[in-house]
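I opened this notebook to record what I looked up, entry by entry, with the criteria written beside each result. Cavities and pockets come first, then cysteines, then single residues.

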Amino acid sequence: MNFTQEDAQKLLTIMKARRDVRGNRFISKAIEDEKLQMILEAGVSAPSVGYSQPWKFVIIKDEKIKNALVKNFETENTKAKEIFKEKKLYTQLKLEGITEAPINIAVLYEPKESEVLGMTSMKKMGEYSVVCAVQNMWLMARALNIGIGWVSILDEKKVLKTLDAKVNTRLIAYLCVGYVDKFYKESELKTLGWDKEKQLDECIVFR
């Protein structure tokens, strides 16, 4: 299958329009089953080391589970506030949308018991494969005008216990998914001045 320059430009536009969405942007509109299916299909279409496909997607709508995750976040965020106490902006940020988003998706890494091609030297490659799945999901969601927020201020072990995950499973991403009232034109943290945007030439080295 060959793609056109127009296709490539559209893909780049979607990539640049992707945003990390927080709870103050989600609306109550339900996600259609067929669109959720497309987001999940995008995830399982990601590359994986040794064709191991080590991902598992836990779709969460249960309010009790969401509330447990909110408590988890609040505990961890209290610690983070102390770490960033010199940056007053931190306390003004909305950093999750667990209860506001209609759907949460926990993206897990389930390692194989046998050796995996491509992981004999770089053991983290399985987890990196799952990160590729997350990026695919994020871009498909954006193309469908659905927002995703990645919540990382969580105690991983407690999340896995709440989800009754298998032994040795790792939490790679906890995603809040839903329609939004708007997408920001630029990264919210960039707009608020949390950090300076790197330019492309700062990220490239030729050897």
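**Entry 1, cavities.** I worked on a 1 Å grid over the protein atoms alone, where a cavity is a set of points at which a 1.4 Å probe fits but cannot get out, and a pocket is an open set with protein on both sides within 12 Å along at least five of seven lines; lining residues have an atom within 4 Å of a point. Grid points are joined across faces, edges and corners, and a volume is the space filled by probe spheres set on the points. I note that this is a predicted model, in which local features need pLDDT of at least 70 and side-chain atom pairs count only at pLDDT 80 or more, whereas totals for chains, interfaces and linings use all residues. Residues are numbered from 1 along each chain as its sequence is written, and side-chain values use heavy atoms, with hydrogens and water left out.

Searching the whole structure for cavities of 30 Å³ or more, I found one. The largest cavity holds about 40 Å³ of space, and I listed R19, D20, V21, R25, K182, F183 and Y184 as its lining. For classes, I counted Ala, Val, Leu, Ile, Met, Phe, Trp, Tyr, Cys and Pro as nonpolar, Asp, Glu, Lys and Arg as charged, and the others, Gly among them, as polar. On that scheme the lining of the largest cavity has three nonpolar and four charged residues, with no polar ones.

**Entry 2, the largest pocket.** I obtained a volume of about 710 Å³ for the largest pocket. Its lining comprises 24 residues, and those nearest the centre are R18, D20, S187, E188 and L189. Which elements supply at least two residues each to this lining? Taking helices (H or I, at least four residues) and strands (E, at least two) as DSSP runs numbered from the N terminus, I found α1 (5-17), β3 (147-151) and α6 (188-192). The helix α6 gives the most, with three residues. By class, I recorded twelve nonpolar, two polar and ten charged residues in the lining of the largest pocket.

**Entry 3, the second largest pocket.** This pocket has a volume of about 220 Å³, and its lining is made of S52, Q53, P54, W55, E110, P111, K112, E113, K166, V167, N168 and T169. I sorted the lining of the second largest pocket into four nonpolar, four polar and four charged residues.

**Entry 4, S48 and the loop around it.** I placed S48 in the loop between α2 (33-44) and β1 (55-60). Is S48 buried or exposed? With buried meaning under 20% relative accessible area, exposed over 50%, and partly exposed in between (1.4 Å probe, protein chains only), S48 counts as buried because its relative accessibility is 15%. Using contact for heavy atoms within 4.5 Å, and not counting residues up to four places away in sequence, I found that S48 touches Q53, P54, W55 and S129. A polar atom of the S48 side chain lies 3.0 Å from the backbone nitrogen of Q53.

In the loop between α2 and β1 I also noted Y51, which has a positive phi of about 50 degrees although it is not a glycine. Y51 counts as exposed, since its relative accessibility is 65%.

**Entry 5, N168.** I found a second positive phi, of about 75 degrees, at N168, which is not a glycine either. N168 sits in the loop between α5 (156-162) and β4 (170-178) and is exposed at 59% relative accessibility.

**Entry 6, cysteines.** With a disulfide taken as a pair of cysteine sulfur atoms within 2.5 Å, my search of the whole structure gave zero. Why is C132 unpaired? The closest cysteine sulfur, in C203, is 18 Å from that of C132, and therefore too far for a bond. C132 is partly exposed at 33% relative accessible area, while C203 is exposed at 52% relative accessibility.

**Entry 7, L40 and K87.** I located L40 in helix α2, where it is buried at 18% relative accessible area. Leaving aside neighbours within four places in sequence, L40 is in contact with F57, I59, I105 and M137. The C-alpha atoms of L40 and G193 are separated by 33 Å, at 153 residues apart along the chain.

I found K87 in the loop between α3 (63-83) and β2 (103-109), partly exposed at 35% relative accessibility. K87 and W194 are 107 residues apart in sequence and 8.9 Å apart in space, C-alpha to C-alpha.

Notes: A polar contact is a pair of N or O atoms within 3.5 Å; within protein, one must be able to donate a hydrogen and the other to accept it, and residues adjacent in sequence count only if both atoms are side-chain atoms.
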